[in-house]
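Visitor: Please give me a close look at the salt bridges here. Then show me a strand pair and what sits around it.

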Amino acid sequence: PIPCVPWQSQTSGQYQRRVHGVGKGPFPTELPEGDQWGDIMWKVGHEYGTTTGRRRRCGWLDLPLLQYSTLVNNYTSINITKLDILNDFEDIKVGVSYRVGDRVLPPGMMPSTLDDLRKVEVDYETLPGWQSDISSAKSWVELPENAKAYVRRIEELVGVPVSWVGVGPNRSQMLLRVPDGMSA
């Protein structure tokens, strides 16, 4: 007989520092076209549909959606890309919970229908921006403290570590997220 050796699977989810998409459907954290911050995300992030060329819908990071995705996909870590799009923001909102009427949905719980998802209101937390160009950073330790605090807060609310942080469009701009207290 062949011995059975237990092993632990590692599953990593990939997320941009905010949410985007094309088409229709509920998008709780969407910033409508003409919104100052949504327009900056769209322009700086070059958010156009690959096939259609249409403007993508942009919005703040939707943590209830990320929590749900992490739960159903059993992610053991996540990666964050395009963090540099937020370089010039003084304040950065993060959608931290969904509210249906007076009821706050628990972390990881999503409305069961699209109609119910259209009805949610999002509770936001505002984090301080870093207001500096992070695209030339070569390591986690080179990031401004507020950028690192943003990533740490996402880790705290999602419940899994961030493994990689993207600070620009190139593969070489993916930084290994070094745990606090350790050096790369």
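Guide: A salt bridge is a side-chain nitrogen of Lys or Arg within 4 Å of a carboxyl oxygen of Asp or Glu. This is a predicted model: local features need pLDDT of at least 70, side-chain atom pairs count only at pLDDT 80 or more, and totals for chains, interfaces and linings use all residues. Residues are numbered from 1 along each chain as its sequence is written, and side-chain values use heavy atoms, without hydrogens or water.

By this rule there are nine salt bridges. Take Arg 153 and Glu 156. Their side chains meet in a salt bridge at 2.5 Å, N to O. Both residues lie in helix α4 (residues 145–158; a DSSP run of H or I, at least four residues, numbered from the N terminus). They sit three residues apart, about one turn of the helix. Salt bridges that share partners join Arg 153 and Glu 156 with Glu 125 into one network. Glu 156 counts as exposed (over 50% relative accessible area, 1.4 Å probe, protein chains only), because its relative accessibility is 57%.

Next, Glu 145 and Arg 152. Their side chains form a salt bridge at 3.9 Å, N to O. Glu 145 is partly exposed (between 20% and 50%), because its relative accessible area is 49%. Arg 152, at 26%, also counts as partly exposed.

A further pair is Asp 115 and Arg 118. Their salt bridge spans 3.2 Å, N to O. Both residues belong to helix α3 (residues 114–119) and are three residues apart, about one turn of the helix.

Now the strands. Five of the five residues of strand β6 (residues 77–81) are buried (under 20%), so the strand is largely enclosed by the rest of the structure. Ser 77, Asn 79 and Thr 81 point one way from β6. Ile 78 and Ile 80 point the other way. In a regular strand the side chains alternate between the two faces of the sheet.

Strand β6 runs parallel to β10, and three bridges join them. One bridge partner pair is Ile 78 and Val 162, the latter in β10.

Ser 163 is also in strand β10 (residues 162–166). Ser 163 is partly exposed, because its relative accessibility is 22%. Beyond its neighbours within four places in sequence, Ser 163 is in contact (heavy atoms within 4.5 Å) with Ser 77, Ile 78 and Asn 79. Its other such contacts are Leu 175, Leu 176 and Arg 177. Ser 163 and Leu 176 are 13 residues apart in sequence, with 6.1 Å from C-alpha to C-alpha.

Notes. Helix = DSSP H or I, 4+ residues; strand = E, 2+ residues; numbered from the N terminus. Pairing = 2+ DSSP bridges.
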